Amino acid sequence: MYVSAKVATEKCIGCKICLSTCPEPNVFVYIKEEKKVQINEGRCKGCGLCVTVCPKQALSIGS
Ligand code: SF4
Ligand code: SF4
């Protein structure tokens, strides 16, 4: 079991940097209508890369 990254949706500006940074396939899903990303938690390996690149500090791992 990996600890998944989470999105603070209210902070996300939909820039998709996380989406292109994540090394795992199909973890981030871009929701066009909302212009925000969601995380498929079952696919996240908890590597933490996305947390370091988000310009809005919208991503976190753990509590
Ligand atoms: S923690 Fe790693 S695997 Fe999980 S969403 Fe972020 S970049 Fe992808
Ligand atoms: S990098 Fe941050 S602000 Fe940009 S889409 Fe991902 S979660 Fe949203």
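Trainee: Which strand is the place of Ile-39?

Mentor: Keep in mind that we're looking at a predicted model here. One of its strands covers residues 36-39, and Ile-39 falls in that stretch. So the DSSP runs, counted from the N terminus, put Ile-39 in strand β3.

Trainee: Does Ile-39 count as buried or partly exposed, and why?

Mentor: Let's count neighbours. A buried residue needs 20 or more other C-beta atoms within 10 Å, and an exposed one has 12 or fewer. Ile-39 has 18 inside 10 Å, so Ile-39 counts as partly exposed.

Trainee: Which residues does Ile-39 touch, leaving out those up to four places away in sequence?

Mentor: Take Val-27 to begin with: 12 residues separate it from Ile-39 in sequence, and their C-alpha atoms are 5.6 Å apart in space. A contact asks for C-beta atoms within 7 Å. The full list for Ile-39 is Ser-4, Ala-5, Lys-6, Val-7, Val-27, Phe-28 and Cys-44.

Trainee: What pattern does the protein chain follow along the sequence?

Mentor: There are two helices and four strands to place in order. Reading along the sequence, you get β-α-β-β-α-β.

Trainee: Why is the protein chain as compact as a globular protein of that length?

Mentor: Compare two numbers. For 63 residues the globule rule gives 11 Å, and the radius of gyration comes close to that, so the chain is as compact as a globular protein of its length. The value for the chain is 10 Å.

Trainee: Which residues make up the largest nonpolar core?

Mentor: Here's the general idea: in soluble globular proteins, nonpolar side chains tend to be buried together. In this chain, buried residues make up 19% of the 63 residues. Cys-18 belongs to the core and touches several other residues, including Phe-28, Val-37 and Cys-50. The 12 residues of the core are Ala-5, Cys-12, Cys-18, Cys-22, Val-27, Phe-28, Val-37, Cys-44, Cys-50, Cys-54, Ala-58 and Leu-59.

Trainee: Which residues come nearest to ligand 2?

Mentor: The shell around ligand 2 has 10 nonpolar, one polar and two charged residues. Of those 13 residues, the nearest are Cys-12, Cys-15, Ile-17, Cys-18 and Cys-54.

Trainee: And which are the closest to ligand 1?

Mentor: By class, ligand 1 has eight nonpolar, three polar and two charged residues around it. From the 13 residues that surround ligand 1, the closest are Cys-22, Cys-44, Cys-47, Leu-49 and Cys-50.

Methods:
Residues numbered from 1 in each chain as written. Chains lettered and ligands numbered in written order. Predicted model: local features only at pLDDT ≥ 70, side-chain atom pairs only at ≥ 80, totals over all residues. Near = placed C-beta within 6 Å. Nonpolar A, V, L, I, M, F, W, Y, C, P; charged D, E, K, R; others polar. Contact = placed C-beta atoms within 7 Å. Rg over C-alpha atoms; globule rule 2.2 N^0.38 Å. Core = buried A, V, L, I, M, F, W, Y, C linked by C-beta atoms within 7 Å.
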